[in-house]
Amino acid sequence: TKARSDTAGGQSGAAAPAAYSGQGVLGIMADILEPAPAYETAVEACLGEALQYILVEEQPSAIEAIDYLTATQSGRSGFVPISRIKPLSSDPKKHPAQDRLLINHITVKPPFEPVVQSMLGHVVVAADLSEALALWNRNGVAQAIVTQDGEVISSQGILLGGSRDKK
């Protein structure tokens, strides 16, 4: 995806996997999922900097990596301890419509399905911002809605959008 080539430098700590190869580091989020081409922008809009989060086996690996970034002043990063990811609500009444889920348009490398499910399993795709607002206004569940162009309505109702390119 485009996100894979957009690894941020500086404060993000995205270079940490290359500089830090401590025990339990498995890679980055962007490397474990492959959205269908028409959905790349939607995935990037939903995950944002989380595409550069570092996957680790256990929480102690995340602590070790954070300590390393702190000690070497190498920036910051998010860490996803895959053994401790919590699933979305198990109440089926709180799940969005299955046929509209963004996750249906993404191929995920095993064994990382639970990680991506926890981060994107509540995200619904709409054709445009008008449809997204209509869906959000009538839904009774905690879900985010994204358009294929990357506009997002968070589960709290916060709208994100605009031009990706600055003049």
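## The β8-β9 pair

In this predicted model, strand β8, which covers residues 152-153, pairs with β9 in the antiparallel sense, and two bridges join them. One of the residue pairings here involves V152, whose bridge partner in β9 is L160.

## The sheet as a whole

These two strands belong to an open sheet of four strands, arranged in the order β6-β7-β8-β9, in which the pairing is mixed. Because β6 (123-126) and β9 (159-160) stand at the edges and each has a single partner strand, one side of each is left without a neighbour in the sheet. In general, the strands of a sheet pair through backbone hydrogen bonds, and the pairing is either parallel or antiparallel.

## The edge strand β6

The partner of β6 is β7, and these two strands pair in the parallel sense over four bridges; V125, for example, has V146 of β7 as its bridge partner. Along β6, V123 and V125 point one way while V124 and A126 point the other way, and all of these residues are buried.

## Helix α3 across the sheet

Helix α3 lies across three of the strands, namely β6, β7 (144-147) and β8, and runs at about 140 degrees to β7. Within this helix, which spans residues 40-47, the buried residues are A42, V43, E44, A45 and L47. Just after α3 comes G48, a residue that takes a positive phi of about 50 degrees.

Conventions. Residues are numbered from 1 along each chain as its sequence is written. This is a predicted model: local features need pLDDT of at least 70, side-chain atom pairs count only at pLDDT 80 or more; totals for chains, interfaces and linings use all residues. Side-chain values use heavy atoms; hydrogens and water are left out. Buried means under 20% relative accessible area, exposed over 50%, partly exposed in between (1.4 Å probe, protein chains only). Two strands pair if DSSP finds at least two bridges between them. Contact means heavy atoms within 4.5 Å. Axes are lines fitted to C-alpha atoms, for helices over the stretch in contact, and angles run from 0 to 180 degrees between N-to-C directions.
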